[in-house]
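Welcome! Let us walk through this protein together, one part at a time. Please have the sequence and the 3D view open as you read.

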Amino acid sequence: MSSVAPVPATAELRVERSGPVATIVIDHPDRRNALTRSMWAQFEPVLADLAEDDRVRVVVVRGAGSDFSAGADIGDLRAILHDPETGRHDGGHVSAGENAIARFHKPTIAAVDGYCLGGGWQIAGACDIRIASARATFGITPAKIGIVYPLSGIERLVRIAGPAVAKQLLFSGDFVDASEAKSLGLVSRVVASDEFDGEVERFARHLATRSQLSIQAMKDIVDTIADGSAGLGGVNARWQQRMAGSGDPEEGIGAFLEKRRPEFTWNGGAGSGR
């Protein structure tokens, strides 16, 4: 990666930028990248900064070292579950971080290596695409420590894998390897461990060459369908109108006819989606 940008208030979430790809690194390797309360709180400002950066077209989320994230830091778990500022007991700031990822209008990739457990799955599950290394291990473990998983995480798990698989994972807290995770629908691809980093980088850069208008529009439409949200026709109409003035269709069609690679220029910026 070419540069490291400072993250406000903490060094535990680190942002690396390389051309059109930004990588959010969960940086707590001595605890398998377990997430503290302060780390959860950083997702919103970090993503807001990346949303405003027109150079960034794709965001990858990964862990430092050999693990994605082992979930909530047990040493900080009481503060995570019980917000001392609001008095809430539902870990609302955890859901806020998760939902900030899910609402981000640019495409996101979870690069899952090693352990992806508990709250780590919330982060991965909120990303658009999940790519796992062959050595990745998944688990959703609230039943092992007697807590109730955040509602946002349960809802998203049900949408991704269905109610039967969600119950299996939540009730048992059992770990599943990368192959089984793919069969359960938790990840879309499994890559050999020695090829993993290169393949994630290649795929992220591949997405960055595609029309960002097409990607952001279809992300918005797909998410609206998956959420069962009203107003799907309005969302589609809004994007059809933006397409008409974007210049991307002319560039894409022209490049196809001229047998060259298109150079798409639209990069709508923050707030271009829902």
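A good place to begin is an open sheet of three strands, arranged in the order β6-β8-β9 with mixed pairing. Its edges are formed by β6 and β9 (176-177), each of which pairs on one side only. Strand β8 covers residues 137-139 and runs parallel to β6, with three bridges between them. If you would like one pair of residues to find in that pairing, look for L117, whose bridge partner in β8 is G139.

Now step back for the whole picture. What you are looking at is a predicted model, and the protein in it contains 12 helices and 10 strands. It has 274 residues, 51% of which count as buried. Among contacts with a separation of 6 or more, 67% are between residues 24 or more positions apart. The accessible surface amounts to about 12,800 Å², and carbon and sulfur atoms make up 55% of that.

How confident is the predictor? The average pLDDT of the protein is 89, and 88% of the residues score at least 70. In residues 1-11 the pLDDT falls below 50, and this stretch has 24 contacts in the model beyond near neighbours in sequence. Residues 270-274 also have a pLDDT below 50, with 21 contacts beyond near neighbours in sequence.

Let us go inside next. The largest nonpolar core has 47 residues, and the members that touch the most others are F138 and L186. Helix α1 (residues 37-52) supplies the largest share of this core, with seven residues. Which residues surround F138? Leaving aside neighbours within four places in sequence, its contacts include V112, C116, L117 and W121. Further along the sequence, F138 also touches F175, V176, A178, A181 and V187, among others. A separate core of 13 residues lies apart from the largest one, and V58, V60, A204 and L207 are among its members.

Another set of strands is worth following. Strand β7 (residues 129-133) is mostly covered, as four of its five residues are buried. It pairs in the parallel sense with β5 over four bridges. It also pairs in the parallel sense with strand β10 (residues 189-191), this time over three bridges. I131 lets you trace both pairings: in β7, it is the bridge partner of A111, and it stands opposite R189 in β10. As you look along these strands, keep a general pattern in mind: in a regular strand the side chains alternate between the two faces of the sheet.

From here, turn to D113, in the loop between β5 (108-112) and β6 (115-117). Is D113 buried or exposed? Residues under 20% relative accessible area count as buried, and D113 is buried because its relative accessibility is 15%. Its side chain makes a polar contact of 2.5 Å with the side chain of S133. Apart from neighbours within four places in sequence, D113 is in contact with S66, D67, F68, S133, R135, A136 and F196.

R62, found in strand β4 (residues 58-63), is another charged residue to look up. With a relative accessibility of 18%, R62 counts as buried. Which side chain does R62 join by a polar contact? That of D197, at 2.6 Å. Besides D197, the contacts of R62 outside its neighbours within four places in sequence are T23, I24, V25, I26, F68, A111 and F196.Our last stop is the loop between β3 (21-26) and α1, where R32 lies. R32 has a phi near 50°, a positive value in a residue other than glycine. N33 is found in the loop between β3 and α1 as well, and it has a positive phi of about 60° although it is not a glycine. How covered are these two residues? R32 counts as partly exposed, at 42% relative accessibility, whereas N33 is buried, with a relative accessible area of 0%.

Key. Residues numbered from 1 in each chain as written. Predicted model: local features only at pLDDT ≥ 70, side-chain atom pairs only at ≥ 80, totals over all residues. Heavy atoms only, no water. Helix = DSSP H or I, 4+ residues; strand = E, 2+ residues; numbered from the N terminus. Buried < 20%, exposed > 50% of the residue type's maximum accessible area, 1.4 Å probe, protein only. Contact = heavy atoms within 4.5 Å. Areas by Shrake-Rupley, 256 points an atom, 1.4 Å probe, with all protein chains shown as cover. pLDDT = per-residue confidence, 0-100. Core = buried A, V, L, I, M, F, W, Y, C linked by side-chain atoms within 4.5 Å. Polar contact = N/O pair within 3.5 Å; in protein donor to acceptor, adjacent residues only side chain to side chain. Pairing = 2+ DSSP bridges.
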